Amino acid sequence: MSNELGRQSESDSGAAPYNFGGEWKPSQLEIDRRAARKARNRRNAAIAILSSIVVIGGLALVAVTSPGWKSLSDTFFAWAYGVEVLPKIILGFGTNVSLTLIASTCVGIFGLSIALIRTSRSPALAPFRILATVYVDVFRGIPMLLVLLLVGFGIPALRIKGLTNNVLILGTLAVVITYTAYVAEVIRSGILTIHPSQRAAARSLGLSHFQSLRYVVLPQAFRRVTPPLLNDLVALIKDTGLVSILGVTDAVRAAQIASSRSFNYTPYVMAAIIFLLVTIPLTRFTDRTLRRSIERQNATGVA
Amino acid sequence: MTQPVLKVNQVRKSYGSEVVLEDISFSVPVHTATVFIGSSGSGKSTLLRCINLLDQIDDGSIELDGEDITAVDADVDKVRRKLGIVFQSFNLFPHMRVIDNITLAPMKVQGISKEDARENANKLLDRFGLHDKAEDYPDRLSGGQQQRVAIIRSIAVAPRLLLLDEITSALDPVLVNEVLSTVRDLKIEGMTMVLATHEMGFAKQVADEVCFLHRGKILEWGTPTQILEAPQQPETKEFLKRVHEAGRL
Ligand SMILES: Nc1ncnc2c1ncn2[C@@H]1O[C@H](COP(=O)(O)OP(=O)(O)O)[C@@H](O)[C@H]1O
Ligand SMILES: [Mg+2]
């Protein structure tokens, strides 16, 4: 078996005591070991497949053979009806998407600002530091649904001229208020994990406080908090569905309208599937990013 | 005699009730190297940090080119631009390539164009045998290479004075020499330096003056030969004996 690898090496270095990269053939020991490993892997795969079939198939069987299955599938999985209402739900989902884009942009800007204020030591910012701390503590501790109700129904009730009554804007505002508090904390924790010696090195090179943040601290901090930020993004996408209680016609609201007309819950299932089509890939992506960032941190031994 | 680059006058520094530096006075003429020796905890790092204004002194004053940098209205950023410091733990920026580590301060602090900064950085990397590492990230380099990059980074802004704090202490013995020879080269080129080190052989080679720091005080100072070969104070003798036993002489 003279292979490609063998040809790359200098085979005429015959005098050398060690023939690195020469014509290497695995020993019988290694061949046996590989065969054993392969057999073990094959057995493991077989067990995994078999147990999956038994468990998932069993659960499906229990569901399908249960006395209520007929009415259940009629109420939740009426696919023909589902397809009929799908365009309306997709149209509604457009609202969720644009709300997500606008809200996440605002959350990013405000979250970063608050994180910077909370980690600064400038005496001039002292009052803002206190306000930022109170803000974060309050809005991380209130259910978003309550914030949504307070903002969506409370602000219009004030009847102040010039203030908007637009439920979409108010809904977005509530989402931004809540998520800014979460994201500010994530970014702040990222900033705090950067060792002070990095800042000292930057400052000793003559970089200003702001430049040290901009070029040294923040790029490293963001790398570390990308996975939790992506997690928050997934959560934000889901929570845009909550603005439906204000009467915003998003995917959830569209499904609600359809189902209240027909007393069938398939539109809700359709809406759920649409959310999943976006959130599952994003969740997978987040997982991969997290794994990468852990690998990178383990690879970098020196601070 | 011309004005010294650095003049330290009766500096005192304490952390809480612990006095770390007491009545420290010395001056560093241009193109010379002053080496601080002394056991761990004697205050060497604190002294260098005070000179760099990373720490605030409690009394006394520090002059750089005749200007009091410890004055209340001193421009800290401007002072730091004239000083380079290299730490024991390298402190390279891990998210930047070697070349970007070096060009960051010239570009952002001195306002040098990217092309010029890169050209200068490449020249320096070339001179210290690291030209093939320009595009690598710091974690791909050995400790000795990282520390040499850190040195290059701090001299890329052409500082008036270079502060080196036990720059070989975190390195494998085999990597120490490449870093020390870089510093010797800088000395030959006329860089003014203040160093803290445990490498006595190296101190003998580069120092114009050696100061023995003991519990925050300069107990003894003089030429390398005076201090390292004929110390007068019992504490200095004791310290050198311990270093000798550790095999670093
Ligand atoms: N930030 C700090 N807070 C309190 N004590 C400190 C601090 N930094 C250094 N010290 C103390 O100052 C003394 C001198 O430390 P250092 O300057 O690091 O000595 P050396 O560099 O000679 O080993 C030590 O006793 C140390 O514990
Ligand atoms: Mg030290």
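Me: I'd like to learn to read the strands here. Which residue is the bridge partner of B:Leu64 in S5(B)?

Reply: In this predicted model, B:Leu64 has B:Glu67 of S5(B) as its bridge partner. Let's widen the view from that pair. Strand S4, residues 59-64 of chain B, and S5(B) are paired in the antiparallel sense, over 2 bridges.

Me: And what is the order of the strands in the open sheet of chain B?

Reply: The open sheet has 4 strands, and reading across gives S2-S1-S4-S5, with antiparallel pairing. Strand S2 (18-28) and strand S5 (67-68) are the edge strands of chain B, as each pairs on one side only.

Me: Which strands does helix H1 of chain B lie across?

Reply: Helix H1, residues 44-51 of chain B, lies across strand S1 (6-15), S2 and S4 of that chain. Its direction makes an angle of about 60° with S2(B).

Me: Let's turn to the two chains. How should I read the size of an interface?

Reply: Interface size is often expressed as the accessible area that is lost when the parts come together. Here chain B and chain A bury about 1,900 Å² between them, with 62% of it on carbon and sulfur atoms. On the chain B side, the residues losing the most area to chain A are B:Phe93, B:His95 and B:Lys108, which together make up 28% of what that side buries.

Me: How many residues of each chain are in contact?

Reply: The contact involves 24 residues of chain B and 20 residues of chain A.

Me: What about charge and polarity: how many salt bridges are there between chain B and chain A?

Reply: The count between these chains is 1 salt bridge. You can find it where the side chains of A:Arg203 and B:Asp77 meet, at 3.1 Å from N to O. Across the interface there are also 6 residue pairs in polar contact, counting pairs with both residues at pLDDT 80 or more. As for where chain B touches chain A, helix H2 (76-81), strand S6 (83-86), helix H3 (98-108) and helix H5 (143-155) of chain B each supply at least two residues of that side. The residues on that side of chain B divide into 12 nonpolar, 6 polar and 6 charged.

Me: How many salt bridges are there over all chains?

Reply: The total over all chains comes to 21 salt bridges. One of these joins A:Arg188 to A:Glu185, whose closest N and O atoms are 3.2 Å apart. To place that pair, look along helix H7 (residues 167-193) of chain A: both residues lie in this helix, 3 residues apart, about one turn.

Conventions
Residues are numbered from 1 along each chain as its sequence is written. Chains are lettered from A and ligands numbered from 1 in the order in which they are written. This is a predicted model: local features need pLDDT of at least 70, side-chain atom pairs count only at pLDDT 80 or more; totals for chains, interfaces and linings use all residues. Side-chain values use heavy atoms; hydrogens and water are left out. Two strands pair if DSSP finds at least two bridges between them. Contact means heavy atoms within 4.5 Å. Axes are lines fitted to C-alpha atoms, for helices over the stretch in contact, and angles run from 0 to 180 degrees between N-to-C directions. Buried area is the accessible area (1.4 Å probe) that two parts lose on being put together, summed over both. A salt bridge is a side-chain nitrogen of Lys or Arg within 4 Å of a carboxyl oxygen of Asp or Glu. A polar contact is a pair of N or O atoms within 3.5 Å; within protein, one must be able to donate a hydrogen and the other to accept it, and residues adjacent in sequence count only if both atoms are side-chain atoms. Ala, Val, Leu, Ile, Met, Phe, Trp, Tyr, Cys and Pro count as nonpolar, Asp, Glu, Lys and Arg as charged, and the others, Gly among them, as polar.
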